[in-house]
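This report treats backbone geometry, one helix and the nonpolar cores of a single chain. The sequence and the structure follow.

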Amino acid sequence: MTGLLIAAAVLLVVLLILVGRVTVIFDYGEELYLKVSYLMFTVFKIPAKRKKTAKKDKKAEKSAKKAAKSAEKAEEKFEDSAKKEEKFAEKSEKSSEESEKPAKKAEKSVKKPKPNLSDILALVKLALDSIGKPLKRILKRTEILHLRLEIVCGGSDAAKAALNFGATNILIGNALGWIDNFFTLKVPDRINIGVDFQCEQTEYSAYCEVRLSLAAALGFLFSIIGRAVKHYGSHKEAKIALKKVLNK
């Protein structure tokens, strides 16, 4: 009974890990802020915090002094060894020049085949065939939510500000349609596009969160590996091209 409880607990933990989502927070206003987290843990963020303490500074000073002393000793030893190496190098140069001549001739005689344009196209086709469908699936499983967009259009004069306002509305509308076509776009929190005829520059700020489950990411990885192996086995041109690229 205890073994079953332990096994059930392990399975529950594994399921929670797989169901857990990777979240990317993007915030751009006066400064860029980017944070990637999984569950409650922060993977990395920009800007990253740097902690400096007085103890670390003291240790750094001591280590710097020790490094300076060791460097002086190393320089003295290096000067002594350099003189010995110069004499040995003069003798070895003559013998190495004679031995390099037949080696260079052998290198010229053996030339490895280089990949041409058709080989590159074969590898590109292999990559597209392997990634195409899995990429569409994982993009659609990627959620974009809490989208907030603030844009104030400006220009050198009122006419240009008005033109910028119209062009920005068209651009944002097309961009949202494109994003919704490939990703899962939740209803935006706020999208506000305005115009300021007295401002020469366009000001904007944006915020959104992107979420993807770990299970979907692992499924995407295993899927492209499996498809790549399958397509590689059925495409002779891809095999030859890959061997040329790897110089085998």
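In which loop is Leu-39 found? Leu-39 is found in the loop between strand S2 (32-38) and S3; helices (H or I, at least four residues) and strands (E, at least two) are DSSP runs, numbered from the N terminus. The model is predicted, so that local features need pLDDT of at least 70 and side-chain atom pairs count only at pLDDT 80 or more, while totals for chains, interfaces and linings use all residues. Residues are numbered from 1 along each chain as its sequence is written, and side-chain values use heavy atoms, with hydrogens and water left out.

**Backbone geometry**

Two residues that are not glycine have a positive phi. Their accessibility is classed as buried (under 20% relative accessible area), exposed (over 50%) or partly exposed (in between), with a 1.4 Å probe and protein chains only.

| Residue | Phi | Relative accessible area | Place |
|---|---|---|---|
| Leu-39 | about 55 degrees | 47%, partly exposed | loop between S2 and S3 |
| His-146 | about 55 degrees | 32%, partly exposed | strand S4 |

A further backbone feature is the peptide bond from Ile-46 to Pro-47, which is cis, with omega near 0 degrees. Pro-47 lies in the loop that runs between strand S3 (41-46) and helix H2 (54-109).

**Helix H4**

Helix H4 (residues 158-182) has 25 residues. From its first C-alpha to its last, H4 reaches 36 Å, close to the 36 Å expected at 1.5 Å a residue; the expected span is 1.5 Å times one less than the number of residues. At the N-terminal end, Asp-157 caps H4, with a side-chain oxygen 3.3 Å from the backbone nitrogen of Ala-159. The buried residues of H4 are Ala-161, Thr-168 and Ile-172, and their cover includes S4 and strand S6 (190-195).

**Nonpolar cores**

A nonpolar core is a set of buried Ala, Val, Leu, Ile, Met, Phe, Trp, Tyr and Cys residues joined through side-chain atoms within 4.5 Å. The largest one has six residues: Leu-149, Ile-151, Cys-153, Ile-172, Ile-193 and Ala-206. Strand S4 (residues 143-153) supplies the largest share of this core, three residues. Within a contact limit of 4.5 Å between heavy atoms, Ile-172 touches Leu-149, Ile-151 and Ile-193, residues up to four places away in sequence not being counted. A second, separate core has five residues, among them Ile-144, Phe-183, Leu-185 and Cys-208. In soluble globular proteins, nonpolar side chains tend to be buried together.

Conventions: Polar contact = N/O pair within 3.5 Å; in protein donor to acceptor, adjacent residues only side chain to side chain.
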